[in-house]
Amino acid sequence: EAGGDGFAFVVQNENRKIVGTQVGGIGYAFPRSFAVEFDMSRDVEFGDPNDNHISVMIPWKLGQTNTANHGLSQVAMTSDIPSLSEGTHIVRIEYDTRSFTWDSLLRDFSADLSLEYLAEHITGRAGLLTVWLDGRRVIVAPLDLIKVAAP
């Protein structure tokens with residue numbers, strides 16, 4: 001069967017010339033990064049929920065290496081999407097810090113975020129990461145991009 005595991009949109013502040021090495025993990029295994037993972041292959045060893053999902057992957061602790069392991073880095077995920085391996089799709093990724101506070105985000109937002117993740121991010125500048133697929137909002141996740149990518 002042709003094709004690969006998927007791809008990731010990655011924002012990182014580890015190194016200008018860094019290349020991910022996690023084979024099967026879509027290549028973003030390094031610290032100070034976040035990835036929006038578009039996964040088209042179920043890798044049981046990484047805790048993939050299925051073979052067609054989008055996930056936001058962020059190290060839960062500062063200095064921790066990001067990984068495609070959903071048990072260690074996933075902060076948001078959806079599989080309520082059309083097949084990523086069929087046709088052409090349009091993706092838009094937004095990060096907005098203009099009008100959000102952690103108090104409002106935590107009151108209006110529900111997710112399976114770990115207490116460890118929240119403890120690391122709640123003291124920073126609140127931002128809202130939104131992923132759109134084919135004109136439909138599919139993921140909304142709070143994060144502090146400065147804490148994720150801080151040197």
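Strands β2 and β3 first. Five bridges join them, and they run antiparallel. Phe38 stands opposite Ile54 of β3. One caution before going on: this is a predicted model.

On to the other partner of β3. Four bridges join β3 to β4, again antiparallel. Here Met57 is opposite Gln74 in β4.

Now, how is β3 placed, buried or exposed? Five of its five residues are buried, so the strand, residues 53-57, is largely enclosed by the rest of the structure. The cut-off for buried is under 20% relative accessible area. Look at the side chains. His53, Ser55 and Met57 point one way, Ile54 and Val56 the other way. All of them are buried.

That brings us to the cores. The largest nonpolar core has 19 residues. Which of them touch the most other members? Val36, Ile54, Val56, Ile58, Val138 and Ile139. Several elements give two or more residues to this core: β2, β3, β4, β6 and β7. β7 gives the most, with four residues. Apart from this core lies another, of seven residues. Its members include Tyr28, Phe30, Phe46 and Met57. Keep Met57 in mind from before: in β3, Met57 points the way His53 and Ser55 do, and Met57 also faces Gln74 across the β3 to β4 pairing.

Step back to the whole chain. There are four helices and seven strands. From the N terminus, the order is β-β-β-α-β-β-α-α-β-β-α. The chain has 151 residues, and buried residues make up 41% of them. Take contacts between residues at least 6 apart in sequence: 55% of those join residues at least 24 apart. The chain exposes about 8,200 Å². Carbon and sulfur atoms supply 51% of that area.

Next, the open sheet. Three strands form it, in the order β5-β6-β7, with antiparallel pairing. Which strands are at the edges? β5 and β7, each pairing on one side only. The twist averages 15 degrees from one strand to the next. A word on pairing in general: strands of a sheet pair through backbone hydrogen bonds, either parallel or antiparallel. In this sheet, seven bridges join β6, residues 127-133, to β7, and the two run antiparallel. Leu133 stands opposite Arg136 in β7.

Arg136 leads to the salt bridges. How many does the structure hold? Three. As a general point, side chains of opposite charge can pair when their charged atoms come close.

Arg136 meets Asp80 in one of them, at 3.1 Å from N to O. This pair links distant parts of the chain, 56 residues apart. Asp80 sits in the loop between β4 (74-78) and β5 (91-96). Arg136 is in strand β7, residues 136-143. Their accessibility can be compared with the cut-offs: exposed is over 50%, buried is under 20%, and partly exposed lies in between. Asp80 has 53% relative accessibility, so Asp80 counts as exposed. Arg136 has 37%, so Arg136 counts as partly exposed.

Another salt bridge joins Arg32 and Glu14. The closest N and O atoms are 3.2 Å apart. This pair also links distant parts of the chain, with the two positions 18 residues apart in sequence numbering. Both residues are in the loop between β1 (6-12) and β2 (33-39). Arg32 counts as partly exposed because its relative accessibility is 24%. Glu14, at 29%, counts as partly exposed too.

Then there is Arg92 with Glu94. Their closest N and O atoms are 2.8 Å apart. Arg92 is partly exposed, with a relative accessible area of 42%. Glu94 is partly exposed as well, at 31% relative accessibility.

One more arginine: Arg98. Where is it, along the chain? In the loop between β5 and α2 (102-108). Is Arg98 buried or exposed? Exposed, because its relative accessibility is 71%. Arg98 and Ala126 are 28 residues apart along the chain. Their C-alpha atoms are separated by 8.8 Å.

To close, back to the start. β3 pairs antiparallel with β2 and with β4. Five of its five residues are buried. Two of them, Ile54 and Val56, are among the residues of the largest nonpolar core that touch the most other members.

How values were computed: Residues numbered from 1 in each chain as written. Predicted model: local features only at pLDDT ≥ 70, side-chain atom pairs only at ≥ 80, totals over all residues. Heavy atoms only, no water. Salt bridge = Lys/Arg side-chain N within 4 Å of Asp/Glu carboxyl O. Buried < 20%, exposed > 50% of the residue type's maximum accessible area, 1.4 Å probe, protein only. Pairing = 2+ DSSP bridges. Axes fitted to C-alpha atoms, helices over the stretch in contact; angles between N-to-C directions. Contact = heavy atoms within 4.5 Å. Areas by Shrake-Rupley, 256 points an atom, 1.4 Å probe, with all protein chains shown as cover. Core = buried A, V, L, I, M, F, W, Y, C linked by side-chain atoms within 4.5 Å.
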